Amino acid sequence: MDIGGYVGKILRVDLSSGKTSVKELDRSFIEKWVGGVGFGARCLYEEVPAGVKWSDPENRLIWTSGPLAGSGVYGAGTFNVASKGPLTNLAGCSQANGFFGAYLKFSGFDGIIFQGKASNLVYLLIKDGKAEIRDARHLAGKDVWETEDALRRELGVKEREVSIFGIGPAGENGVLYSAIVGDRGHLAAHNGLGAVMGSKNLKAVVAYGGKRNFEIKNSKLLKEKNDAMFEHAKGFGPFYQWGTGGGFSALYGIGCLPVKNYNTNIFPEHERMNSQYMRTHFEIRSKPCYMCRVAHMKEVTVTEGPYKGFVAEESEYEQLAAWGPQIGNTDLGAVVMLSDEVDRLGMDCNEASWTIGWVVECYEKGIFSQKDLDGLDMKWGKVEMVKIMLNKIAKREGIGDLLAEGVMRASKKIGGEAANWAIYTLKGCTSRSHDHRGGRWAELFDTCLTNTSTLESTWAGVHTQMVDLPAVSDPFSHEEMSTLNAKFNGIRQFDDCLGTCRIASTHPKLQLECLNAVTGWELSLEDAFNIGRRVINQLRVFNFRHGMKKEEEEEEEEEEERPSLRYGSIPVDGPAQGKNIMEKWDWMLKNYYTLMGWDPETGKPLPKTLRGARLKRFD
Amino acid sequence: MIRIKLEIWMWLGKELGEDFQSLSEMRSIREEEVEEGITIRDFIDRLAQRDQPIREKVFDRGRKSFYPHIVATLNERVISPYEVYDRVLKDGDKITVLPMYVGG
């Protein structure tokens with residue numbers, strides 16, 4: 001491969017036949033789609049026709065690295081998973097950090113395409129350009145950490161000799177928000193990609209580490225730009241010092257912390273529930289991802305409260321919010337315990353927490369009796385009850401079977417008033433653990449408009465100047481937020497093509513210079529935006545092909561690009577009291593569609609937009 | 001004269017130095033005594049004129065507005081930049097300055 005950064009090979013694994021094959025990557029394909037989510041989006045479009053359900057063997061599960069993974073860029077161990085996901089029945093793309101993105105390449109491949117379904121539970125082992133499907137029946141029912149331990153033991157390898165990603169009981173049992181989890185604390189969490197993996201009887205993938213097996217075109221320039229990027233990351237927000245939970249209280253201050261399923265925005269305990277408190281009170285040990293100097297990942301030992309002595313991954317922002325204020329819990333040790341539990345079971349903490357919060361509200365308001373909940377006293381802050389409920393969900397046991405369908409489906413099934421209390425988008429996915437009705441309208445809009453099931457365009461409406469866009473003055477402006485989402489669209493998807501962690505690569509222009517140093521390309525910022533927009537349009541065409549609905553086409557159906565009633569409701573108290581994003585939602589949609597080059601009524605990409613993105617006609 | 005409380009949160013506050021009371025990783029707080037009838041714009045502008053860190057990190061004196069990555073609340077309610085600046089402060093009001101940031 002004469003382009004730096006690529007091994008040049010894609011592995012195909014047919015789990016039905018048990019056969020594997022390797023395809024050389026075509027130069028024009030690489031230049032057009034770059035890697036990561038780009039490769040995933042294109043393969044998904046080419047290989048998964050309309051009518052294929054998420055659980056059909058013909059669905060694809062595509063794991064792809066990117067050109068910067070394993071290159072020496074700090075924290076570049078990221079990979080992307082793409083598939084048709086169960087929550088939305090549309091495209092799902094999700095990234096996990098850790099080591100796998102680098103080790104996948106060191107094992108000889110830029111990506112893996114899984115198809116078919118194994119006759120029994122299996123795992124895949126890749127090493128030195130070879131792939132082997134192995135029996136995994138002995139791993140059935142094990143949680144993700146037990147699976148990692150068992151595989152390392154039987155392979156006789158040390159902790160960082162291999163990278164292992166797999167599914168827990170949730171994925172095996174088809175919980176619609178199952179995640180793919182690995183390297184002791186990293187997740188491709190969104191849109192139930194773990195359930196797709198489970199539907200294929202694939203328990204885990206093991207990739208061996210090793211030496212760099214691809215070219216870097218300009219090592220000197222790469223070192224210079226990489227060091228500059230690290231210096232920038234150190235001063236960028238709270239992450240270097242405090243991790244992602246460093247902004248927990250700042251989010252509370254602008255009404256963005258989810259409290260008791262959006263019933264209030266008052267949570268005075270926030271200063272004892274954030275990373276500043278955790279890192280100054282609990283015992284902390286660094287656990288960096290592959291070659292990362294930013295090292296925002298930590299391991300903690302709880303030093304106070306009922307869970308004193310509990311050792312686990314440090315809870316990051318989303319876990320802090322999900323298992324703290326959203327469920328009415330004020331014990332930080334319990335947050336660590338529940339974060340560990342949901343990871344072990346192999347579920348997305350966000351969807352799990354929105355579901356639990358809704359259950360507690362329904363119980364409080366008499367929709368569910370204790371008997372309905374299999375005897376569980378699901379009051380706010382009852383963390384041991386939550387732990388039991390999470391296990392019931394993962395095993396689809398009792399009430400857990402309903403809740404395993406996710407909060408949209410569960411609330412619709414219960415119906416009545418309770419259906420109005422659930423937080424989700426009408427596409428079927430849920431937001432990250434924020435209250436976006438506060439100062440994060442850009443993310444609320446993005447979550448509803450996304451083609452991947454998770455954030456697609458925004459950086460929370462800030463740092464526009466880093467990509468040469470004008471500053472935004474009001475996070476509660478319908479006009480500014482919808483315009484910003486459209487103008488910003490592209491750079492985030494481009495970033496997700498590269499195999500890097502967003503916390504370590506905080507400067508898009510320096511990141512682009514790193515990419516050019518590795519590959520030998522001379523891409524401009526405009527090129528990067530165009531590549532990202534190509535990915536967005538590709539995923540959007542895929543989604544329309546797979547039945548994404550619009551009011552105009554099917555009047556009896558709800559329009560999908562919209563929040564649920566509660567998700568789009570008006571905060572009743574707190575810093576954002578009275579702010580109403582829905583007041584101009586239809587205007588925001590039309591403005592965004594128009595700026596994206598899509599039909600302002602249907603949201604479908606216009607032919608000229610697809611031509612500009614070098615895509616085929618809409619089909 | 002009236003007393004106004006100013007809170008600068010998180011990493012913004014840390015950069016302001018020792019002249020704030022309760023300087024911590026979480027929030028930096030101080031009270032200012034100003035004349036009656038002063039607007040929020042004039043109040044913050046005056047602080048920015050006096051304190052270099054506020055000038056550099058919080059309030060853009062050239063544009064006479066907060067920098068784009070800043071959110072301000074008045075008595076713990078977010079205030080829109082379009083409506084905030086000409087509001088006249090009352091005795092006991094609290095202005096909180098928060099950073100907007102990516103991620104979390």
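Trainee: What covers the buried residues of α2(B)?

Mentor: In this predicted model, the cover includes β1 (2-9), β2 (27-34), α3 (52-57), β3 (59-60), α4 and β7 of chain B.

Trainee: Which residues of helix α2 of chain B are called buried, and what makes them so?

Mentor: They are B:Ile40, B:Phe43, B:Ile44, B:Asp45, B:Leu47 and B:Ala48, from a helix that runs over residues 40-50. A residue earns the word when 20 or more other C-beta atoms lie within 10 Å of its own, so these six names are the ones in α2(B) that pass.

Trainee: Let's turn to chain A. How do you know that the length of α14(A) agrees with what a helix should span?

Mentor: Helix α14 covers residues 383-395, which is 13 residues, and at 1.5 Å a residue it should span 18 Å; because its end C-alpha atoms are 19 Å apart, the two values agree.

Trainee: Which of its residues are buried, and what do they pack against?

Mentor: A:Val383, A:Met385, A:Val386, A:Met389, A:Leu390, A:Ile393 and A:Ala394 are buried. They pack against α5 (169-172), α12 (332-345), α13 (349-364) and α15 (400-403) of chain A. After the helix comes A:Arg396, with a positive phi near 50°.

Trainee: How many residues does each chain bring to the contact?

Mentor: Chain A brings 30 residues and chain B brings 23 residues. On the chain B side, β7(B) gives the most, with three residues.

Trainee: What is that side of chain B made of, by class?

Mentor: The side of chain B that touches chain A has 14 nonpolar, six polar and three charged residues.

Conventions. Residues are numbered from 1 along each chain as its sequence is written. Chains are lettered from A and ligands numbered from 1 in the order in which they are written. This is a predicted model: local features need pLDDT of at least 70, side-chain atom pairs count only at pLDDT 80 or more; totals for chains, interfaces and linings use all residues. Two residues are in contact if their C-beta atoms, placed from the backbone, lie within 7 Å. Helices (H or I, at least four residues) and strands (E, at least two) are DSSP runs, numbered from the N terminus. Ala, Val, Leu, Ile, Met, Phe, Trp, Tyr, Cys and Pro count as nonpolar, Asp, Glu, Lys and Arg as charged, and the others, Gly among them, as polar. A residue is buried if 20 or more other C-beta atoms lie within 10 Å of its own, exposed if 12 or fewer, and partly exposed in between; C-beta atoms are placed from the backbone. The expected span of a helix is 1.5 Å times one less than its number of residues.
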